[in-house]
Amino acid sequence: MFAFLIKRLAQAIVVMFVISIISFSIQDNLGDPLRELVGQSVSEEERQALRDELGLNDPFLERYLRFAENAVQGDLGTSYFFKEPALQVILAKLPATLDLVFGATIIIIGFSVPLGVYAAIKPRSLLSKLVMGFSTVGISIPVFLTAIGLIYLFSIELGWMPSYGRGEAGHIFGWDTAFATTDGLIHLVLPCITLASIMLPLFIRLIRSEMMEVLQSEYVKFARAKGLSPTRIYFLHALKNTMLPVITVGGVQIGTMVAYTILTETVFQWPGMGFLFLEAVNRVDTPLIVAYLIVVGAIFVITNTIVDLIYGLVNPTVKLFGGK
Amino acid sequence: MALLDVKNLEVSFGLRSGAVKALRDINFSLERGERIGVVGESGAGKSVLGFSILNLISQPGRISAGDVRFEGKSLQNLNDKDMRTIRGNRIAMIFQDPMMTLNPVLTIGDQMIECLLAHRQISKAAARKIALQKLMQVQIPSPETRLDQYPHELSGGMRQRIVIAIGLLMDPDLIIADEPTTALDVTIQAEIMELMLELCERNNVALILITHDLGVVSQVTQRTMVMYAGRVIEQGPTNEIINDAQHPYTQGLINALPQMGVRGERLQQIRGSMPSLQAIPKGCAFSNRCDYASERCRVIPEFTRSGGCLVACHMVEELVAQSENKAQDGGA
């Protein structure tokens, strides 16, 4: 376990290094920072002097090292717009985004497992065909369209749900979350459904096809020959094996979902990181863009590590504890 | 009353191109404690026969005619719940490849105990005790540790012993073993076969041994059925079939075996290969590969009694008729 975490940490450092180079290059090439800092009245000579003073004319490596040194200490620069440390601005919006991702994940797990399993067990039934049909349609509808459709139906026509915002957020164990209040929960419904709608069809199809394959296996036949009940065969023997590849894919997809929040948050005016990122791009607020990329990279690394740990617990042929 | 009685069993698979019959006219019965071998090439329908007894044929296969009776009770009309009280309890099955038979994500103990709990109202601790006892019966070293291990931690031979132990858990009356040694190494094969023979004899368990290894059949079984293209073509006492096969196909199988003491000669093989079930020749299915085939083979042969065996072959039928005539002439 310890060796595994050390190995993971080493990998994480490499990944974060690559992300930092990419984000730094973006920062370096995204327009002239001086345009944001000074007005039009400043002459070209004064600009040059300021560039020298800020170190913008130093060689690339030198500038990167300076950036990296600050970054390691948690300083990703100061947001031009908010005049606050970029990392702090991003992290303040993180809970809102995690609310969305968490809610969407619950929806995905809650629906994909039973629907996928059902479609695998009874592939010829009408419900299975409906589910598979809807999932094909679901995969091909873009997120913003789903979002607008949901808002039109449930907010405007029916008036059941708020169409934008996060509502009132409460606190659970000192963590700021919309799950803590009824108002927050109501605000979460539509954005979470929207976010889940991208991944849900994929997971239903994945679970169905994996499960169908597992049901053909010798050990499932043997379980039947042992006289076990169908419930035990489907939900223990088959499902446990089905979930192995699903967990692996799931880890990557949850990371990807963080990126998809940009669209969802924009449509629903959800005050999260993705919404902030889009604003930062519009304002050419480079330190904020860089901070976003680095935080998302870190989330990716963390979720994948957790998923690998879970995978190790489910699959006995993977040894996390001890080993060589 | 026979333990198992299979009557006119027919299994067909509904394919898009129409139904294909994987088994036709299978008739045999098995007494308590009796061991019967089912031999034939791949695709002859041996495994389907094994699965059809437990009503476990995979889709789109189904029993389309005939009946399987276990202790006089038809298994065909049982609902799924009643069928489960037979599976693993009264009739156990052992599969071919022990690498694939055990669930990779469950411990050996879980896979044994669940079978006991499915059939008996006992505590987990009591079930574990029985599991341990059965592991000892199949001569597994340090059985206590094995219960908590996963399949991948054990060798192939060891896993097959565990599969056999699972088969024995409920002290069944009949074990259907589908090529139990094919996937194992030769030295292990002999050990496993010996173990199965010993366990069957000791507990008076009937055995249906499905295999393509005539050597194993002669070592273990009292009776043998030879199958070809979904039909039984010859059945009788094992020693008669091995030493004096009547059907040209059985003769071909036996001639194809390597023999000790015969050196430097090529093995004889049966020419051609078994037809697909959709392209079986009219009449005797073997006629297109048979050296003795003639016009009469266009008609499906009936069983003829020859010695202790039943043989489905026109040539054997004629030979038997001739010798009977001779005997009558000689007597007159």
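**Exercise 1.** In which sense do β4(B) and β5(B) pair, and over how many bridges?

*Solution.* This is a predicted model, in which local features need pLDDT of at least 70 and side-chain atom pairs count only at pLDDT 80 or more, while totals for chains, interfaces and linings use all residues. Side-chain values use heavy atoms, with hydrogens and water left out, residues are numbered from 1 along each chain as its sequence is written, and chains are lettered from A and ligands numbered from 1 in the order in which they are written. Strands (E, at least two residues) and helices (H or I, at least four) are DSSP runs numbered from the N terminus, and two strands pair if DSSP finds at least two bridges between them. β4(B) and β5(B) pair in the antiparallel sense over two bridges, with Arg69(B) opposite Ser74(B) in β5(B). Two residues lie between the strands of this hairpin, where Glu71(B) takes a positive phi near 50°.

**Exercise 2.** Place these strands in their sheet, and identify its edges.

*Solution.* The open sheet of chain B has four strands in the order β2-β1-β4-β5, with antiparallel pairing. Its edge strands are β2 (18-30) and β5 (73-74) of chain B, each of which pairs on one side only. Between β1 (residues 4-15) and β4 (residues 61-70) of chain B there are eight bridges; in β4(B), Ala65(B) is the bridge partner of Glu10(B), and Phe70(B) that of Leu4(B).
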